Each structure stands twice: as C-alpha cells, then as structure tokens.
Amino acid sequence: MTLASPPRSHARQRGAAVSVRAVSHSYGRGERSVAVLHELALEIEPGGSIALTGPSGAGKSTLLSLIGGLERVRTGAIEVGGHDLASLSGDQLAAFRRDTVGFVFQHYGLVDVLSARENIELSLALSRMRPADRRMRADRLLASVGLAERADHRPTELSGGERQRVAIARALANRPRLLLADEPTGNLDEDTAAHVLDLLDEVHRESGCTLLIVTHDRRVAERAAVVTRLSMGRLVGG
C-alpha cells in the first residue's frame, strides 16, 4: 500500500510540533462552570507519535479539540507548527484547520448522501485545486486505503471498517502536518480495528505527519512511541 505523500527523505520535516503550556479549560459560566482541564503541559516533537489515554470524561476529546483549533483555549497557550492558536482570527483558524490538521473521529463524520469519493472531494472544496484534480486526488487516496472499487458507494453501503478508511483518506486530503484521531477504533471489532491501526501506523511512517491518538484502549495506545494519561483533567504520565 502506497500513500499519496511526499518522498520519504523529506517526510520527517513535514510533521508539526505541538506545544501545550499551562492550559486550563472549562465549560459554562459562573457557578455553573465546570473545569475540564487543569494546567496542562504537553510537548510533541515534529513527526512524533503519542497516545493520550484515560477514562471517559477525563478531558481527552476536549484537549484534542483545542489542539486542532475546533475550540479556543481560554487559559494558557497552544502552538502547532509555529501557529499560536490564540492569536489567529476566525478565518485564520479555519485556514489552519484546513491546511495543517487532519481529523479522524470515532463516528466517521461522513456525509451519508455523498459517495466515498465525494466525501473526500468535499474536504478539498476550499482549495484552489481544479475539480478534475480534486477527483484524481480523491481516487488516489481511496486506492491508497484499499477502497478504489468503492469510490462510488455511499457510507451506508460500506462496512464500519471501510467507512473509517474513507475517513482516514479524507483526513489526508490536504496533506496535514498533524493527524488527530479521536477513538478511531471505538466502533470497530477487534480484527477491523487492527487493520485500521495498521493503516494509521503506515500513514504516520510514510507521510511524516505528527500523530496524536486519543483512546481508552491500552492495546491501541501501545502502538504509539509515547503514551500519556489524562485523569480528572490532569496529565499523570503513561
């Protein structure tokens, strides 16, 4: 399997460094405010692979959303690939998400009325790529995840593992420097999960992107170079 990626000699230069410094986060206001993260500090080197573990409700997905620019940090600072996320305007933050980050979610996040190919093309809609080139890239990505013959199928016509592979292909569409995966195997059986994890490992190895995977499954976490644990909003080591 060969992924649509730059030459391997340049791969390790592509990953984005991640720096989380003294980050706290809460939801709500006043007496109804609920603290989720407390004074977090985390550093990930360019091209690194890290698994973030912990029980449900520990704040793992919140931290992922902050690093990916889906939410704004309230206290502390986050830098990704040289971007200080707090300093970015709304448009700049949208461009950061488009150009720097790829997201893979537990529930796939695919549009049911679109084919596998069209789901990938949709993520390229804001690029300057010509429609014919968008289609070509989508087809190459689907081929790279073993789904060339399923390009015209809608998500409801695909298995869970196939949908997750489409989601990974979509996440790679804009050649992200940071790949964020939130419980990517949570809806999959053990054998299918293993195949998806093999694919993520290959994506990381061949593209050189930085990989941060959130999981509560120790077997998933053990694949990462570094494992850290989040409990009650605080990092407590591996």
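**Buried residues and salt bridges**

User: Why is Arg117 called buried?

Analyst: Its relative accessible area is 9%. The cut-off for buried is under 20%. The value 9% falls under that limit, so Arg117 counts as buried. Keep in mind that this is a predicted model.

User: Which other residues of helix α4 are buried?

Analyst: Helix α4 covers residues 116-123. Besides Arg117, the buried residues there are Ala116, Asn119, Ile120 and Glu121.

User: What covers the buried residues of α4?

Analyst: The cover includes two other helices: α5 (131-144) and α6 (160-171).

User: What makes Glu162 buried?

Analyst: Glu162 has a relative accessible area of 14%. Buried means under 20%, so Glu162 qualifies. Its place is in helix α6. Leaving aside residues up to four places away in sequence, Glu162 touches Leu147 and Arg150.

User: How do you know that Arg117 forms a salt bridge with Asp152?

Analyst: Look at the closest N and O atoms of Arg117 and Asp152: they are 2.5 Å apart. The rule asks for a side-chain nitrogen of Lys or Arg within 4 Å of a carboxyl oxygen of Asp or Glu. The pair meets the limit, so it is called a salt bridge.

User: Why does this pair tie together parts of the chain?

Analyst: Arg117 lies in helix α4, while Asp152 lies in the loop between α5 and α6. These parts are 35 residues apart in sequence, so the pair ties them together.

User: Is Asp152 buried or exposed, and why?

Analyst: Exposed: its relative accessibility is 57%. The limit for exposed is over 50%, and 57% passes it. Arg117, its partner, is buried at 9%.

User: What makes Asp201 and Arg223 a salt bridge?

Analyst: Their closest N and O atoms are 2.9 Å apart. That value is within 4 Å, so the rule is met. Asp201 sits in helix α7 (residues 190-207), and Arg223 sits in the loop between α8 (218-221) and β9 (226-231). The pair therefore ties together parts 22 residues apart in sequence.

User: Why does Asp201 count as partly exposed?

Analyst: Its relative accessibility is 25%. Partly exposed lies between the buried limit of 20% and the exposed limit of 50%. The value 25% falls in that range, so the label fits. Arg223 has 35%, so it is partly exposed too.

User: Which residues do salt bridges with shared partners join into one network?

Analyst: The network holds Arg117, Asp139 and Asp152.

User: How many salt bridges does the rule give?

Analyst: The count is ten. Another one of them joins Arg21 with Glu79, whose closest N and O atoms are 3.5 Å apart. This pair links distant parts of the chain: Arg21 is in strand β1 (residues 18-27), Glu79 is in strand β4 (residues 75-80), and they are 58 residues apart. Arg21 is partly exposed at 35%, and Glu79 is partly exposed at 29%.

User: How do you know that the protein agrees with a compact globule?

Analyst: A compact globule of 238 residues would have a radius of gyration near 18 Å. The protein has 17 Å, which agrees. Of its residues, 49% count as buried. The whole has eight helices and ten strands.

How values were computed
Residues are numbered from 1 along each chain as its sequence is written. This is a predicted model: local features need pLDDT of at least 70, side-chain atom pairs count only at pLDDT 80 or more; totals for chains, interfaces and linings use all residues. Side-chain values use heavy atoms; hydrogens and water are left out. Helices (H or I, at least four residues) and strands (E, at least two) are DSSP runs, numbered from the N terminus. The radius of gyration is taken over C-alpha atoms; the globule rule is 2.2 Å times the number of residues to the power 0.38. Buried means under 20% relative accessible area, exposed over 50%, partly exposed in between (1.4 Å probe, protein chains only). Contact means heavy atoms within 4.5 Å.
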